[in-house]
Amino acid sequence: MSSDQQQPCYFDAELTPHRSLSPRGFRILMAVVIAANFTVDAAFYFSGAWPIFGFMGLDVGLLYFLFRLNYCHGQLIESLRLTDDAFEVRRRFPNGEELRWSFEPYWLRVEIDNPPGHDSKLILVSRRRRVSIGSFLTPEERGAVAHALRDALHRQRSGPRLIPAEPV
């Protein structure tokens with residue numbers, strides 16, 4: 001049995017950006033935009049303003065590119081895990097790159113404005129290290145994560161500790 005399985009886990013969460021438009025909804029939206037664009041393009045083309053046709057195609061291409069970029073950024077994942085020995089943060093980027101931070105739970109503080117505003121940051125502080133997490137969350141979600149982390153740290157710090165018996 002590994003050490004991770006032996007230690008109790010006080011907090012384990014994955015934070016991901018919310019995307020309100022599903023892939024199916026994206027396909028429908030692009031079909032509607034292309035159909036509307038083609039209808040307007042045809043009117044311009046038949047009235048003799050054929051250069052408009054190309055420019056209106058560029059805006060559809062730009063719209064598609066920006067939506068794809070948005071979906072790519074939506075694949076960012078931040079994993080948070082609190083055990084007796086460490087609080088670990090893993091940030092996995094869409095390109096496969098991964099950053100990791102490990103904090104000693106006893107020194108860890110969770111900072112956020114009260115009440116959380118649009119520009120509020122959820123910051124983990126341990127001694128001289130500071131890491132901002134959940135920047136893609138709404139202010140209410142950042143506040144809820146901060147509250148849950150503080151509760152988990154409190155449970156971890158006040159939990160039962162085994163004290164080794166002194167030799168006789």
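Student: What makes the nonpolar surface patch here, and what is its area?

Tutor: F38, Y45, F46, W50 and F53 make the patch, of about 670 Å². Patch residues have over 30% relative accessible area and no salt bridge, and nonpolar side chains (Val, Leu, Ile, Met, Phe, Trp, Tyr) are joined within 5 Å. A salt bridge would put a side-chain nitrogen of Lys or Arg within 4 Å of a carboxyl oxygen of Asp or Glu. Please keep in mind that this is a predicted model, with local features needing pLDDT of at least 70, side-chain atom pairs pLDDT 80 or more, and totals for chains, interfaces and linings using all residues. Residues are numbered from 1 along each chain, and side-chain values use heavy atoms, without hydrogens and water.

Student: Which helix gives the most to the patch?

Tutor: That is α2, with three residues.

Student: Why is W50 called exposed?

Tutor: Exposed means over 50% relative accessible area, buried under 20%, and partly exposed in between (1.4 Å probe, protein chains only). W50 has 57% relative accessibility, so W50 counts as exposed. W50 is found in the loop between α2 and α3.

Student: How do you know that the span of α3 agrees with its number of residues?

Tutor: The expected span is 1.5 Å times one less than the number of residues. For the 23 residues of α3 (residues 51-73) that gives 33 Å, and the end C-alpha atoms are 34 Å apart, so the two agree.

Student: Which residues of α3 are buried?

Tutor: M56, V60 and Y71 are buried. The buried residues of α3 pack against α2 (23-46), where contact means heavy atoms within 4.5 Å.

Definitions and conventions: Helix = DSSP H or I, 4+ residues; strand = E, 2+ residues; numbered from the N terminus. Patch = residues over 30% accessible without salt bridge, like charges linked within 9 Å, V, L, I, M, F, W, Y side chains within 5 Å. Areas by Shrake-Rupley, 256 points an atom, 1.4 Å probe, with all protein chains shown as cover.
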